[in-house]
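The following exercises introduce a protein structure step by step. Each task is followed by a worked solution.

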Amino acid sequence: MYFEERGEGYPIIFVHEFASDVRGWAPQLQHFSRDYRCIAYNARGYLPSDVPEDAACYSWELAVDDIAAVMRSLSIERAHLVGLSMGGYAALQFGLRYPEKVSAIFAAAVGSGSHPSQRDAWVRETCFLARIFSDRGIEGIAEKIARGPARVQLKNKDPKSWQEFVARLLELSPRGLSHTMARCQALRPSLHDLRDQLSEMTTPVLLAVGDEDVACLETNLMLKSALPNAGLWICPNTGHGINLEEPAAFNAQLEKFLAAVERGSWRRFYSRTEPHAVLQLQRRASTAKVFSHVNQERADGILS
């Protein structure tokens, strides 16, 4: 697996989204490498990491274990995790599977296809896109993806950054995209189905979502109510590529979150040594209901 490492200090591992690779983290690596040891890696299927031919070599479980493999190979026992979309999903699952290895999770733009009302369409569309990537490659669809309802915001705000996003997308392996879409995306459990497990997670979490990332908004509200040690930042006038659309705001929120975790002041009222407070949070999470009257667009956030 290909990785890049910059800076010194406590480690932060950056886990990229479906439609990008380590290069999508450039604004974050430049900023945080001043004070942290920053590691970003390309997932399996994303060159120059290996692109296995066998579809069985791809799954959301393996994507989670690959984070542990990166840590093990770099002799990192514990780290902060920052994940975007597909990477944010892997980071949350990593927190469930390896709680002793993670000190904080910043999960941005997670939730595409998780809401029960989206599940059937999500599976159909991810399987359809996987066949397109396999049969026709990425060339004919890359710009269409980049103009999607939750992607066009980047084009409107920063055309140069948007062009770079399209160029990176065109360089991705069609086979890697196809297998990742079919195995990691279509078959992964819904975050809504993980609510009971997530309610037991004590790791500090900051959720981040753009207010125009329609496919992810309601799931992030659910996650905020389910995760007892989580906060939620909703960035205005922003779509799915939140770290590229609003890099300064993204970096500021991440920096503030990590500083609070490190000085022990994140969510001051929460403590794993206060079972009564935890029980209250869990009861509140179990009874909370989130209502949304936002129209879902089928293509919105399909690449996450």
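**Exercise 1.** Leaving aside neighbours within four places in sequence, which residues is Leu223 in contact with?

*Solution.* The model examined here is predicted. Outside its own stretch of four places either way, Leu223 is in contact with Leu92, Val110, Leu191, Leu198 and Leu207. The next step is to place Leu223 in its wider setting. The largest nonpolar core has 35 residues, and Leu223 is named with Phe94 and Ile105 as touching the most other members. At least two residues of this core come from each of strand S2 (11–15), S3, H2, S4, H3, strand S5 (102–108), strand S6 (205–210) and helix H10 (214–226). H2 gives the largest share of this core, six residues. A second, separate core has 27 residues, among them Val82, Ala109, Cys235 and Leu258. As a general background, nonpolar side chains in soluble globular proteins tend to be buried together.

**Exercise 2.** Determine how the rings of Phe18 and Phe133 are arranged, and which parts of the chain they join.

*Solution.* A pair of aromatic rings is described by the distance of the centres and the angle of the planes. The structure holds nine aromatic pairs. In the pair of Phe18 and Phe133, the centres are 6.2 Å apart and the planes form an angle of 35 degrees, and the pair is tilted. Phe18 belongs to the loop between S2 and helix H1 (26–32), whereas Phe133 belongs to helix H4 (residues 119–136), so the pair ties together parts 115 residues apart in sequence. Both Phe18 and Phe133 are buried.

**Exercise 3.** Classify the ring pair of Phe106 and Phe250 from its geometry.

*Solution.* The ring centres of Phe106 and Phe250 are 4.9 Å apart. Their planes stand at 75 degrees, and planes over 60 degrees apart count as edge-to-face, so the pair is edge-to-face. Since Phe106 is in strand S5 and Phe250 in helix H12, the pair ties together parts that are 144 residues apart in sequence. Phe106 and Phe250 are buried. Ring pairs also link these two residues with Phe14, Trp25, Phe257 and Trp266 into a cluster.

**Exercise 4.** Over which rings do Lys155 and Arg188 lie?

*Solution.* Lys155 lies over the face of Trp162, 5.4 Å from the ring centre. The charged end of Arg188 sits over the ring of Tyr89, at 4.8 Å from its centre.

**Exercise 5.** How many disulfides does the structure hold, and are Cys57 and Cys235 buried or partly exposed?

*Solution.* A disulfide is a covalent bond between the sulfur atoms of two cysteines. The structure holds zero disulfides. Cys57 has a relative accessible area of 26% and is therefore partly exposed. Cys235 has a relative accessibility of 4%, so Cys235 counts as buried. Cys235 can also be located relative to Ala249: the two are 14 residues apart in sequence, and their C-alpha atoms are 8.3 Å apart. Ala249 is in helix H12 (residues 247–263) and, at 29% relative accessibility, counts as partly exposed.

**Exercise 6.** Describe the surroundings of His192.

*Solution.* First, the position: His192 is in the loop between helix H8 (174–185) and helix H9 (195–198). Second, the contacts: not counting residues up to four places away in sequence, His192 touches Ser114, His115, Pro116, Thr219 and Met222. Third, the polar contact: the side chains of His192 and Thr219 make one at 3.0 Å.

**Exercise 7.** What is notable in the backbone at Pro48, Ser85 and Asn237?

*Solution.* The peptide bond from Leu47 to Pro48 is cis, with omega near 5 degrees, and Pro48 lies in the loop between strand S3 (37–41) and helix H2 (60–73). Ser85 is not a glycine, yet has a positive phi of about 55 degrees. Ser85 is in the loop between strand S4 (79–84) and helix H3 (86–97), and its relative accessible area of 2% makes it buried. Asn237, also not a glycine, has a positive phi of about 55 degrees and lies in the loop between strand S7 (230–235) and helix H11 (242–245).

Terms used:
Residues numbered from 1 in each chain as written. Predicted model: local features only at pLDDT ≥ 70, side-chain atom pairs only at ≥ 80, totals over all residues. Heavy atoms only, no water. Disulfide = S-S within 2.5 Å. Buried < 20%, exposed > 50% of the residue type's maximum accessible area, 1.4 Å probe, protein only. Helix = DSSP H or I, 4+ residues; strand = E, 2+ residues; numbered from the N terminus. Polar contact = N/O pair within 3.5 Å; in protein donor to acceptor, adjacent residues only side chain to side chain. Contact = heavy atoms within 4.5 Å. Core = buried A, V, L, I, M, F, W, Y, C linked by side-chain atoms within 4.5 Å. Phe/Tyr/Trp six-rings, centres within 6.5 Å; stacked < 30°, edge-to-face > 60°. Lys NZ or Arg CZ within 6 Å of the ring centre and 35° of its normal.
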